[in-house]
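This report covers a predicted model. Its subject is the packing of one helix and the residues around it.

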Amino acid sequence: MKVSYKKLWVMLAEREMSKVELRKLAGIAPATFTKLRKNQEVALSILMKIADVLDCDAGDIVSFIRESDADENASQ
C-alpha cells in the first residue's frame, strides 16, 4: 500500500497557504515535511497536527493507494 498526500497539497492551494507556513504552524520538522513531499509514510501524530491546523480530518489530507492500482495507473 502506498500513501498519497495529493489532497493535502490541493487543500493548501485552495486555502492559499504555503507549505512552509503549514510546516511552521503545525510544528513539523523539515525532515518530516520532506517525507510528506515524497509521499512517504509519517506518524499518525503528524497527520493529526496537520488536520488540527487545517481544521479537517486526516482522511481529507491523505489517501492510501493499493500497489496494484498504482501499477495499473503507471502503465496507462
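Leucine 8 is in contact (heavy atoms within 4.5 Å) with Leu22, Ile50, Leu54 and Ile61, its neighbours within four places in sequence being left aside. In the largest nonpolar core, which has 21 residues, Leu8 is among those that touch the most other members, together with Tyr5, Leu22, Ile50, Leu54 and Ile61. Such a core is a set of buried Ala, Val, Leu, Ile, Met, Phe, Trp, Tyr and Cys residues joined through side-chain atoms within 4.5 Å. Helix 4 supplies the largest share of this core, five residues.

Helices are DSSP runs (H or I, at least four residues), numbered from the N terminus. Buried means under 20% relative accessible area, exposed over 50%, and partly exposed in between (1.4 Å probe, protein chains only). The two sides of helix 1 (residues 6-14) are listed below.

| Side of helix 1 | Residues |
|---|---|
| Buried | Leu8, Trp9, Met11, Leu12 |
| Turned away, exposed | Lys6, Ala13, Glu14 |

The buried residues lie on the same side of helix 1 because they cover an arc of only 160 degrees around the axis, taken from the directions from the helix axis to the C-beta atoms. They pack against helix 2 (19-26), helix 3 (30-37) and helix 4 (44-54).

Arginine 15, in the loop between helix 1 and helix 2, has a relative accessible area of 42% and is therefore partly exposed. Its C-alpha is 9.2 Å from that of leucine 54, 39 residues apart in sequence. Glutamate 16, just after helix 1, takes a positive phi of about 55 degrees.

Residues are numbered from 1 along each chain as its sequence is written, and side-chain values use heavy atoms, without hydrogens and water. Local features need pLDDT of at least 70 and side-chain atom pairs count only at pLDDT 80 or more, while totals for chains, interfaces and linings use all residues.
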